[in-house]
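Let's go through this structure by question and answer. Have the sequence and the model in view.

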Amino acid sequence: DRVPLEPLSVPQADVAEPVAETVVPPPVAKPDMQQPADSVLAALNESSLRDRVDVLVAADTVSLEISDSILFARASASLSAEGQALLTEIANLLQALPYSLSVEGHTDNRPIQTPRYPSNWELSAARAAAVTRRLIDKGIAPQRIRAIGYGETRPRAGNATAEGRARNRRVSFVLAVRADD
């Protein structure tokens, strides 16, 4: 019942003649988009947020990170009064910026098992969703934003100490600042 397979023959591609090399001038950047990360940092420095968020700059993103203890009670995804006020300030800052936004929830590696949140995945996702809802309620266009729960999978520090675990419990606002071509 088995049919022996015959070797495949691969047709030879035509070899193209070399093309004369063309030098393409670099694209002219839009004046306000020349340094997108700089525009985010400038807006942050002009706000009252600069001392309350950690800022991480990468090649095509700027991340604002806030400790979960400012936004939420332990093992909860309900925003605290302080968290609601802070998110109102963040929404005001983000409204002036044209970038898409990912709201990322992060936890430490300590297991959680509550009836509402059976794991860190659910807790981090619920927190990201709560923050996202608040930002939308404060005027951020829903088309610009997404909520992501990472649980314990992207730590910023080791989980062996209380300080490291505290750094890992956070919400990140990741702005995609790469200029479109």
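## Strands, core and helices

Q: Which residue in β5 stands opposite I66?
A: This is a predicted model: local features need pLDDT of at least 70, side-chain atom pairs count only at pLDDT 80 or more, and totals for chains, interfaces and linings use all residues. Residues are numbered from 1 along each chain as its sequence is written, and side-chain values use heavy atoms, with hydrogens and water left out. β2 and β5 run antiparallel, joined by seven bridges (strands pair if DSSP finds at least two bridges between them). Opposite I66 in β5 stands V171.

Q: What is the bridge partner of S67 in β5?
A: β2 covers residues 61-67. Its bridges to β5 number seven. For S67, the partner in β5 is R170.

Q: In what order do the elements of the protein chain run?
A: Helices (H or I, at least four residues) and strands (E, at least two) are DSSP runs, numbered from the N terminus. The protein chain has five helices and five strands. From the N terminus on, the order is α-β-β-α-α-β-α-β-α-β.

Q: How many residues lie between β1 and β2 in their hairpin?
A: Strand β1 (residues 54-57) pairs with β2 in the antiparallel sense over four bridges. One of the facing pairs is L56 with S63 in β2. The number of residues between the two strands of the hairpin is three.

Q: Which residue in β5 stands opposite L101?
A: β3 and β5 are also paired. The sense is antiparallel, over seven bridges. Opposite L101 in β5 is L175.

Q: Why can β5 be called largely enclosed by the rest of the structure?
A: Buried means under 20% relative accessible area, exposed over 50%, partly exposed in between (1.4 Å probe, protein chains only). β2 is mostly covered, with six of its seven residues buried. β5 is largely enclosed because its buried residues number six of the seven.

Q: What share of the accessible surface belongs to carbon and sulfur atoms?
A: Of the 181 residues in the protein chain, 36% are buried. Accessible areas come from the Shrake-Rupley method with a 1.4 Å probe, and for residues only the protein chains shown count as cover. The surface totals about 11,900 Å². The carbon and sulfur share is 53%.

Q: Which element gives the largest share of the largest nonpolar core?
A: A nonpolar core is a set of buried Ala, Val, Leu, Ile, Met, Phe, Trp, Tyr and Cys residues joined through side-chain atoms within 4.5 Å. The largest one holds 31 residues, and L71, I90, V103, V131, L135 and F173 touch the most other members. α1, β2, α3, β3, α4 and β5 each supply at least two residues. The largest share is six residues, from α3.

Q: What does V131 contact in β5, among its partners beyond four places in sequence?
A: Contact means heavy atoms within 4.5 Å. V131 is a buried residue of α4. Its contacts include L71, F72, L79, L87 and V103. In β5 (170-176), V131 contacts V171 and F173.

Q: How far apart are the end C-alpha atoms of helix α4?
A: The expected span of a helix is 1.5 Å times one less than its number of residues. For the 18 residues of α4 (residues 120-137), that gives 26 Å. The model agrees: the end C-alpha atoms are separated by 26 Å.

Q: Which backbone nitrogen does a side-chain oxygen of S119 approach at the start of α4?
A: After α4 comes G139, with a positive phi near 110°. At the start of α4, a side-chain oxygen of S119 comes to within 3.2 Å of a backbone nitrogen. That nitrogen belongs to W121.

Q: Is R146 buried or exposed?
A: R146 is in strand β4. Beyond four places in sequence, R146 touches L101, S102, V103 and T132. Its C-alpha atom is 6.5 Å from that of L101, 45 residues away along the chain. With a relative accessible area of 53%, R146 is exposed.

Q: Which residue's backbone nitrogen does the side chain of N168 reach?
A: N168 is found in helix α5 (residues 162-168). N168 is buried, with a relative accessible area of 0%. Residues touching N168 include H106, T107, D108 and P155. The side chain of N168 reaches, at 2.6 Å, the backbone nitrogen of R156.

Note on methods: Polar contact = N/O pair within 3.5 Å; in protein donor to acceptor, adjacent residues only side chain to side chain.
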